[in-house]
Structure formats: C-alpha cells, structure tokens
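Hi,

Here is the structure I promised to pass on to you. Have a look at it first, and then read on for what turned up.

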Amino acid sequence: MACVLHADDCTAAVASREDKLQSLFRTQATAAAQSPERLELALAADLTEEMLQRFCAEAPFHIALGAGGDRKVWRRLAQLSVDINELALVGAASTCNVATLQVVYQHLLNQRCDVHCSIWWITGVALAKHGDTGLCFAWLAPQNSNVEDAAGTWPEWFCSVLCGTAASNGHLASLQFLLDRTRGQALFGRYAPLHATDVVEEDVGEDAADIIRETMGWIGDTDSQEHYKSLLDCAAEGGDVRMVQWLLQQGHSVTPITFEVAAHNGHLHLVKHLAAQGYACDANVLYNTTLVGGGIPPAQMEWLRGRGGGDWSQAGMTEALLKRLASDHADATYALAQWLLAQGAQWPESIRELTRRGAPMHHVVWALQHGCGSGEGGWTAEHCEEAERSCRGLRRALHELGCPCECEERVAIMASIGELHM
Ligand SMILES: [Zn+2]
C-alpha cells in the first residue's frame with residue numbers, strides 16, 4: 001500500500017516538513033516489503049534495523065508483507081529479528097489469491113503466531129472489498145474452527161457485513177456468491193439486514209462493533225443520526241447502476257438514505273437514474289450532503305440547482321465554500337471549491353473562518369493560496385494557537401505562507417531563513 005502523493009498533498013507536505021518525512025518513510029517501508037530485491041536495496045540505502053523495528057509496529061507494513069506473499073522477504077526479515085504478524089493475512093486477502101493466503105497462514109503457524117478471530121473477520125472483509133468470487137471465501141470459511149472462542153461458527157452479523165462490503169465496492173459477482181443460500185450463506189451464516197439499533201456493542205464486542213460501524217455505518221448530514229446502510233445503500237455508495245438494478249429486481253428497496261449516500265459520493269448518474277424511475281428525493285438534503293462529500297462533479301451542483309436545492313445567493317455560496325473546505329472527506333478534491341468560486345462565492349474576511357471550523361490543514365493552505373486573506377483585524381498569536389490545536393503543523397504552514405503574527409513560530413522561521421542566507 002504505497003503512499004502516492006498528489007499535487008495537493010505535496011502542498012501540505014511542503015508546508016509541514018515533519019509530516020512529509022513520516023509519509024515518505026511509510027512509503028519506503030511498504031515498498032521495501034514487496035520483494036527481496038527492494039528490501040535489499042532499502043537495507044543498502046538507509047533502512048536501519050532500528051527503523052525496521054519501528055515499521056514493524058505499524059499495520060501497513062505487515063499488510064504489505066502479506067500482499068507481497070514472498071517467503072524470501074519474510075525469511076530475510078526473520079534474520080533481522082522481524083516477524084510478520086497476523087495482519088499479513090489481510091494483505092494476502094487483498095490479492096484474492098488462495099495460494100498467497102495459504103502461504104502466509106502457514107508461515108504464521110510456523111512462527112507459532114495465533115490468529116485471533118477478529119483478524120479472520122477483517123480478512124473476510126478484505127476479500128469482499130477486493131472482489132473475491134468464491135475460492136478464497138471457501139478457504140476462509142473453515143478457518144475460524146481453529147480459533148478457541150469462535151466455536152466454529154461465524155457471528156450473526158458477518159455475512160451481512162461481507163455482502164455490504166462487496167456491494168459498496170461494486171463487486172456484483174462477489175455479492176451474488178455471498179447472497180447465494182447454497183454458497184456464501186452456507187459458508188458464513190444467514191444474510192439479514194443490520195439495523196443500528198439492533199447491534200449493541202456489549203453483545204457483539206468492541207472489535208466487531210468497530211468492523212460493523214466502519215463497513216455499514218452512515219451518519220446522515222441532515223439528521224446527524226447513525227444509520228446502517230442497507231445493501232441497496234451500499235450499492236449506491238459504490239455507484240454501480242447495474243448492481244442497484246439487480247438488487248431492486250431481487251426485492252431490495254430504496255431507503256430514506258439511498259439518494260443521500262449516492263450524492264455524498266458524487267454518483268450523479270445514479271441519483272439521476274433513481275429519480276428518473278420515480279423515486280422521490282429532497283434536493284436540499286442532497287445539496288447539503290454533496291457539499292461535504294467526495295469526488296463531486298460540479299455537474300451535480302447544477303443538477304441540484306435545477307431541482308431547487310441549495311441557497312444560490314452570494315452569502316449562500318460563500319457558506320457553501322466554507323462548508324466544502326471544512327469537510328475532511330478523504331476523496332474531497334478542489335474541483336467543487338473552484339467551481340463555487342467561479343460561480344461567485346466570496347472568501348470570508350479572514351482564514352479564521354476556516355480554522356475555527358476545524359478545516360483540514362491542506363484545505364486551509366489551499367484557501368490561502370487561492371485568495372483568502374488573514375483578515376483586517378489581523379491574525380494574532382492566539383489564532384495561531386487555536387489553528388495549531390485544531391491541526392498539528394498548521395501554525396508552521398500558515399507562517400510559511402506569510403502569516404503576519406509575531407508568535408514563536410514566526411521567529412523560528414525568520415531565524416531559519418536568516419541561516420539560509422548567511
Ligand atoms: Zn503565529
């Protein structure tokens with residue numbers, strides 16, 4: 001799972017050198033885990049044993065070791081006193097290859113590493129996420145019989161979480177396998193819709209509750225309630241019209257959050273498709289969720305405007321711009337913010353409007369680079385403190401972009417510039 005920086009990340013990375021270094025180290029570690037040649041190269045360059053020990057404490061390293069599936073790498077690491085751990089199974093699952101899963105599992109057994117039942121659960125989720133169509137699921141199904149406390153059965157929620165994950169990731173063949181009573185449901189237990197009110201953490205345990213929430217949870221932007229997505233909602237999240245159609249044919253229905261989930265993920269084609277079939281949606285609700293969603297095409301805003309959603313006054317658009325930049329959605333790009341600016345949204349008087357809302361650092365930096373100012377009343381050391389509290393490293397980023405306050409950060413930066421020019 002190598003970390004790939006895109007241009008916007010680079011802006012943030014340059015703004016915060018410390019974060020940049022951490023990201024680059026992580027890239028090296030997972031890249032080094034992929035083949036014996038890469039590992040030797042890294043060792044010959046600057047990968048020290050001490051750094052290896054540090055990486056060893058991080059999940060992505062073990063996941064990468066499993067995905068690589070190369071015993072030579074694991075043996076070489078063993079010489080350096082680094083053992084792979086059970087998370088390697090999750091990495092192996094991402095390849096949907098039985099041989100890789102088996103070789104990782106055998107290696108763990110040889111190391112006398114116990115595989116906890118929650119690891120088998122997330123291994124299953126990884127298979128569903130990456131679209132296994134049955135072979136690896138069949139390999140996985142009997143594994144929990146070796147786990148002491150699992151008693152050979154999969155938990156009641158498991159099949160539903162697998163189905164939901166396959167649907168969210170657009171894997172129709174996986175979903176069809178899992179829903180089949182003689183295949184998926186025979187292996188992992190019955191599929192039944194999950195409801196937020198039915199799953200109680202005290203009953204299922206903390207690990208299970210985390211997995212269920214992560215795969216099926218949905219917080220509505222409008223009602224702020226926690227929902228669990230239905231299978232159709234999961235398909236709407238993935239944006240696959242064919243899968244949505246198939247589920248409708250199987251008797252699944254559109255829920256109160258289906259449109260919201262599709263709009264939040266920028267699937268305008270699906271929103272239009274469902275609306276054309278006569279399902280009702282509230283354009284204002286979709287407008288609100290669109291503003292804080294990911295991968296949003298500006299055409300989606302136009303469509304919502306045409307349906308009467310949103311506030312298109314200048315103040316309304318400015319508020320939309322702020323809401324957009326304050327969102328920390330992982331797939332948020334700047335296309336929508338740029339579009340809002342082009343439509344007449346104005347920057348607020350001070351960048352403080354954004355830091356106050358807890359906007360992610362790279363969004364604050366982007367706003368400063370695209371015309372947002374520090375504000376007439378000035379930006380004081382107190383505001384710098386506040387920004388730093390909301391996001392570590394932000395104070396330094398602000399000062400590198402010319403923040404006018406006289407706090408310690410400015411003094412430190414001026415001193416380092418002075419040194420450069422000496
Ligand atoms: Zn400052």
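Let's start with a bit of vocabulary: two helices count as roughly parallel if the angle between their axes is under 35 degrees. Keep in mind that this is a predicted model.

Now try that on a pair of helices. Helix α11 (residues 158-168) packs against helix α16 (residues 231-238) at an angle of about 30 degrees, and α11 and α16 are therefore roughly parallel to each other. Their axes are 7 Å apart. Which residues meet there? On the α11 side you will find C163, G164, A167 and S168, and from α16 come L231, C234, A235, E237 and G238.

Two of those names come back in the core. The largest nonpolar core has 108 residues, and C163 and A235 are among those with the most contacts inside it, along with L89, L162, L286 and V364. The largest share of this core, eight residues, comes from helix α9 (residues 117-129). If you want one core residue to click on, try L162: leaving aside its neighbours within four places in sequence, L162 is in contact with G124, V125, A128, L178 and F188. As background, nonpolar side chains tend to be buried together in soluble globular proteins.

Next up is α8 (98-110). This helix has 13 residues and reaches 18 Å from its first C-alpha to its last, close to the 18 Å expected at 1.5 Å a residue. Which of its residues are buried? They are T100, L101, V104, Y105, H107 and L108. Looking down the axis of α8, you'd see the buried residues fall within an arc of 160 degrees, so they line one face of the helix. The general idea is that an α-helix has 3.6 residues a turn, so residues three or four places apart point the same way. On the face turned away from the buried side, α8 carries the exposed residues A99, Q106, L109 and N110. Covering the buried residues of α8 are, among others, α5 (59-68), α6, α7 and α10 (135-140).

Finally, a couple of backbone oddities. Just after α8, R112 takes a positive phi of about 60 degrees. R112 lies in the loop between α8 and α9 and is exposed, with 7 other C-beta atoms within 10 Å. S81 also isn't a glycine, and its phi is positive too, near 65 degrees. You'll find S81 in the loop between α6 (71-79) and α7 (88-93). Is S81 buried or exposed? Exposed, with 10 other C-beta atoms within 10 Å.

Cheers

How values were computed:
Residues are numbered from 1 along each chain as its sequence is written. This is a predicted model: local features need pLDDT of at least 70, side-chain atom pairs count only at pLDDT 80 or more; totals for chains, interfaces and linings use all residues. A nonpolar core is a set of buried Ala, Val, Leu, Ile, Met, Phe, Trp, Tyr and Cys residues joined through C-beta atoms within 7 Å. A residue is buried if 20 or more other C-beta atoms lie within 10 Å of its own, exposed if 12 or fewer, and partly exposed in between; C-beta atoms are placed from the backbone. Helices (H or I, at least four residues) and strands (E, at least two) are DSSP runs, numbered from the N terminus. Two residues are in contact if their C-beta atoms, placed from the backbone, lie within 7 Å. The expected span of a helix is 1.5 Å times one less than its number of residues. The arc is that of the directions from the helix axis to the C-beta atoms. Axes are lines fitted to C-alpha atoms, for helices over the stretch in contact, and angles run from 0 to 180 degrees between N-to-C directions. Angles under 35 degrees count as roughly parallel, over 145 as roughly antiparallel, 65 to 115 as roughly perpendicular and the rest as oblique.
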